[in-house]
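Hi,

Here's the structure I promised to pass on. Have a look at it first, and then read what I found below.

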Amino acid sequence: MIEDENEGQAKDMGDLIEKLNHDVQNHKLIVLVPHGGNIEPWTDVEAEYVANQFGDRASLWLCKGFSSSKPNGDSNEDASERWHITSTQISEKSFPKLNTIIGDHPTFDYSIAFHGWTENSICVGGNPNNPDADLKCDIRGAIMKALEEANSEIEVQVSPCSEGNFNGDRPENIVNRLGTNSIQIEQCKIARHDYHDAIAKAVVNVIGTRINA
C-alpha cells in the first residue's frame, strides 16, 4: 500500500492508497469508501462530493485500489480480486490513517459508506438500531426521487434487502464502528456510473438537515 497519498503512482503501479481528510474537532459526520478506484468505480466520486459539501463538519476516509497492467499496457481489470476487503473484516491495524479516527465506541454522530454490488438495484442499509430512526427511509426516499427525476427505474430498497449479506447491519462493519447513526449504500453499476451525481446530492440533502441543525 502506498502511504504518501500519491494517487498517480498508485494507479501506475496497480497499488492501493489510503486517504484521510479529518479535522480533529469534527465528530458529526464521516463519509467512507473502502473500495474506491477500480474496485467499485464511482463510489469514491460520490463520497468526495458529499464530504466536500460540509467543510470541516465532515471527515472523509477512503481507499482506492487499482488494477495491474498487462505488458502491452492494457488493464487486467483485477482490482476487486486484489484489493476488495469485506467491510466486516476491515481492521485499523492494516490502515494507519483509519487507526487515527477509530476507537472502542463510534467517533461520529453519522457515518455513510458508499459501495457497489452486482445486483440490479440499490440497498440502503446500516445499523438496524439507528437512534435516528427515520434516517434510512429518508435517504431511500431522496434517492428514489432523484432517480425518478432522471427517468431511471432502478429499484431502491431499504434494509433488510433481498441480499441479506449486504445490509451493513453487523456490529463489526466499519460503518457501524465509526458512526452512532450509520448508512451503507450498495449500488448497481448503472446507478454508480450514470447517476452518481444525483445520488450524492440526494444524500447531501438528507444528511445536511441533521448535521446543520
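Let's start with one residue pair: valine 124 has valine 158, in β6, as its bridge partner. Keep in mind that this is a predicted model. The two strands involved, β5 and β6 (residues 155–158), pair in the parallel sense over 4 bridges. To get from β5 to β6, the chain passes through α5, and this β-α-β crossover is right-handed.

β5 has another partner too: it runs antiparallel to β7, and 4 bridges join the two. There, glycine 125 sits opposite glutamine 184 of β7.

So which way do the residues of β5 point? Ser121, Cys123 and Gly125 point one way, Ile122 and Val124 the other. In a regular strand, side chains alternate between the two faces of the sheet. As for burial, 5 of the 5 residues in β5 are buried.

Now for the nonpolar cores. The largest has 36 residues, and Leu29, Phe114, Ile122, Ile139, Ile143 and Ile185 are the ones with the most contacts inside it. Several elements supply at least two residues each, among them β5 (121–125), α5 (135–149) and β7 (179–187). The largest share, 10 residues, comes from α7.

Try clicking on isoleucine 185. Leaving aside neighbours within four places in sequence, its contacts include Phe114, Ile122, Ile139, Ile143 and Val203. There's also a second, separate core of 18 residues, with Leu20, Trp61, Phe95 and Leu178 among them.

Cheers

Note on methods
Residues are numbered from 1 along each chain as its sequence is written. This is a predicted model: local features need pLDDT of at least 70, side-chain atom pairs count only at pLDDT 80 or more; totals for chains, interfaces and linings use all residues. Side-chain values use heavy atoms; hydrogens and water are left out. A nonpolar core is a set of buried Ala, Val, Leu, Ile, Met, Phe, Trp, Tyr and Cys residues joined through side-chain atoms within 4.5 Å. Buried means under 20% relative accessible area, exposed over 50%, partly exposed in between (1.4 Å probe, protein chains only). Contact means heavy atoms within 4.5 Å. Two strands pair if DSSP finds at least two bridges between them. A crossover is right-handed if, with the strands pointing away from the viewer, the path from the first strand over the helix to the second runs clockwise.
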